Amino acid sequence: MSQVSSERGSMTVEVAFLLVLLVVPLFYLVGTLGRLQAGAYAVSAAAREAGRAFATAESVDSATGRAQAAAALVFRSHGFLEGQGAVGVGCADPGCLQPGSAVLVDASISVPLPLVPDFMAGSVPTTVSLTARHIEAVDEFRGSPP
């Protein structure tokens, strides 16, 4: 009977220890996957919105600025800082913004992984790069740009 009482309470300690060992990595995994999903949504939406902003511009001169501003708004709304995302816009056809032409948008974002210390940057990846491509058609019935 004395042997049973000496081990009393050890299961509570073991369960608490295992709980910490299992729950902390699980929370990290959920947080990391959530951040990567936000990056995937952001890069896809930024490419789409930049294409729409470019294709609806009045002139080619103002189109690039509109596309960059639209992409920056999308990146910010998903919680990414200035400089983490980039957008490149070009015309797929020789006549840029001509009715029936297409606008090609490439977007990329660098998603930092949470809680990775700086000293480990050389041995483990600290960021994940995500890219998206979108082709936006210019409206067939729009007027030609000046």
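Reader: Which exposed residues sit on the face of α3 turned away from its buried side?
Author: This is a predicted model: local features need pLDDT of at least 70, side-chain atom pairs count only at pLDDT 80 or more, and totals for chains, interfaces and linings use all residues. Residues are numbered from 1 along each chain as its sequence is written, and side-chain values use heavy atoms, with hydrogens and water left out. Buried means under 20% relative accessible area, exposed over 50%, and partly exposed in between (1.4 Å probe, protein chains only). On the face of α3 turned away from its buried side, the exposed residues are Asp61, Leu73 and Ser77.

Reader: Around the axis of α3, what arc do its buried residues cover?
Author: Helices (H or I, at least four residues) and strands (E, at least two) are DSSP runs, numbered from the N terminus. In α3 the buried residues are Ala63, Ala67, Ala70, Ala71, Val74 and Phe75. They lie on the same side of α3 because the arc they cover, taken from the directions from the helix axis to the C-beta atoms, is only 135°.

Reader: What span is expected for α3 at 1.5 Å a residue?
Author: The expected span of a helix is 1.5 Å times one less than its number of residues. α3 has 18 residues, and its reach from first C-alpha to last is close to the expected value of 26 Å.

Reader: Which elements are among those that cover the buried residues of α3?
Author: Contact means heavy atoms within 4.5 Å. α3 lies across β1 and β2. The cover over its buried residues includes β1 (85-91), β2 and α2.

Reader: Which element gives the largest share of the largest nonpolar core?
Author: A nonpolar core is a set of buried Ala, Val, Leu, Ile, Met, Phe, Trp, Tyr and Cys residues joined through side-chain atoms within 4.5 Å. The largest one has 26 residues, and Phe54, Phe75, Phe80, Val87, Leu97 and Val103 have the most contacts inside it. Two or more residues each come from α2 (10-55), α3 (60-77) and β2 (102-112). The largest share, nine residues, is given by α2.

Reader: In what order do the three strands of the open sheet stand?
Author: Two strands pair if DSSP finds at least two bridges between them. β1 and β2 have seven bridges, and β2 and β3 have 11. The edge strands, β1 and β3, each pair on one side only. With antiparallel pairing, the order is β1-β2-β3.

Reader: Which residue of β3 is the bridge partner of Leu104?
Author: Leu104 belongs to β2, where it is the bridge partner of Gly90. In β3, the bridge partner of Leu104 is Ile135.

Reader: About what angle does the direction of α2 make with that of β3?
Author: Axes are lines fitted to C-alpha atoms, for helices over the stretch in contact, and angles run from 0 to 180 degrees between N-to-C directions. α2 packs on the sheet and touches β1, β2 and β3. Its direction and that of β3 make an angle of about 30°.

Reader: How far apart in space are Leu113 and Leu21, C-alpha to C-alpha?
Author: Leu113 lies in the loop between β2 and β3 (127-137). In sequence, Leu113 and Leu21 are 92 residues apart. In space, C-alpha to C-alpha, their separation is 20 Å.
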